[in-house]
Amino acid sequence: MPPFPKRIPPRGPGKRSARQRVLAAWRGVDLEPLEAAQRDRARSVSAVMPQLLTDLRIEKRRAEIEVVRVWSELI
């Protein structure tokens, strides 16, 4: 048996900072859980754009537009 028991972390949200407590009191509501959820979902544009361009099939559409443009010039 180890000489000291393992430390078990507390459950629930962590301690709020003074800033968080003051903002919650000033607003009259605690928005920290909502703000934390939005912060976790946020991703950079560079992480989103490649998949977005693939989903929109931009390259295929550009090729189709080029075919129509050349066809129009030929006719």
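**Exercise 1. Work out which residues are linked with Arg 69 in a network of salt bridges.**

Step 1. Get the criterion straight: a salt bridge here is a side-chain nitrogen of Lys or Arg within 4 Å of a carboxyl oxygen of Asp or Glu. Keep in mind that this is a predicted model, where local features need pLDDT of at least 70, side-chain atom pairs count only at pLDDT 80 or more, and totals for chains, interfaces and linings use all residues. Residues are numbered from 1 along each chain as its sequence is written, and side-chain values use heavy atoms, with hydrogens and water left out.

Step 2. Look at Glu 66: its side chain meets that of Arg 69 at 2.5 Å, N to O.

Step 3. Now try Glu 73, whose salt bridge with Arg 69 has its closest N and O atoms 2.8 Å apart.

Step 4. Put the pieces together, and Glu 66, Arg 69 and Glu 73 make up the network.

**Exercise 2. Place the network residues along their helix, then say how exposed each one is.**

Step 1. Helices are DSSP runs (H or I, at least four residues; strands are E, at least two), numbered from the N terminus. Glu 66 and Arg 69 both sit in helix α4, three residues apart, or about one turn.

Step 2. Glu 73 and Arg 69 are four residues apart in helix α4, so about one helical turn separates them.

Step 3. For exposure, buried means under 20% relative accessible area, exposed over 50%, and partly exposed in between (1.4 Å probe, protein chains only). Glu 66 comes out at 37%, so it's partly exposed. Arg 69, at 40%, is partly exposed too. Glu 73 is exposed, because its value is 58%.

**Exercise 3. Three salt bridges turn up in the whole structure; find the one that Glu 59 forms.**

Step 1. The partner of Glu 59 is Arg 62, with the closest N and O atoms 3.3 Å apart.

Step 2. Both lie in helix α4 (residues 58-74), three residues apart.

Step 3. Glu 59 has 56% relative accessible area, so call it exposed. Arg 62 counts as exposed because it reaches 53%.

**Exercise 4. Which residues form a nonpolar patch on the surface together with Met 49?**

Step 1. Start with Met 49, which belongs to helix α3 (residues 45-56) and is partly exposed at 33%.

Step 2. Patch members need over 30% relative accessible area and no salt bridge; nonpolar side chains (Val, Leu, Ile, Met, Phe, Trp, Tyr) are joined within 5 Å, like charges within 9 Å.

Step 3. The other members are Val 45, Leu 52, Leu 53 and Leu 56, and with Met 49 they have about 410 Å² of accessible area together (Shrake-Rupley method, 1.4 Å probe; for residues, only the protein chains shown count as cover).
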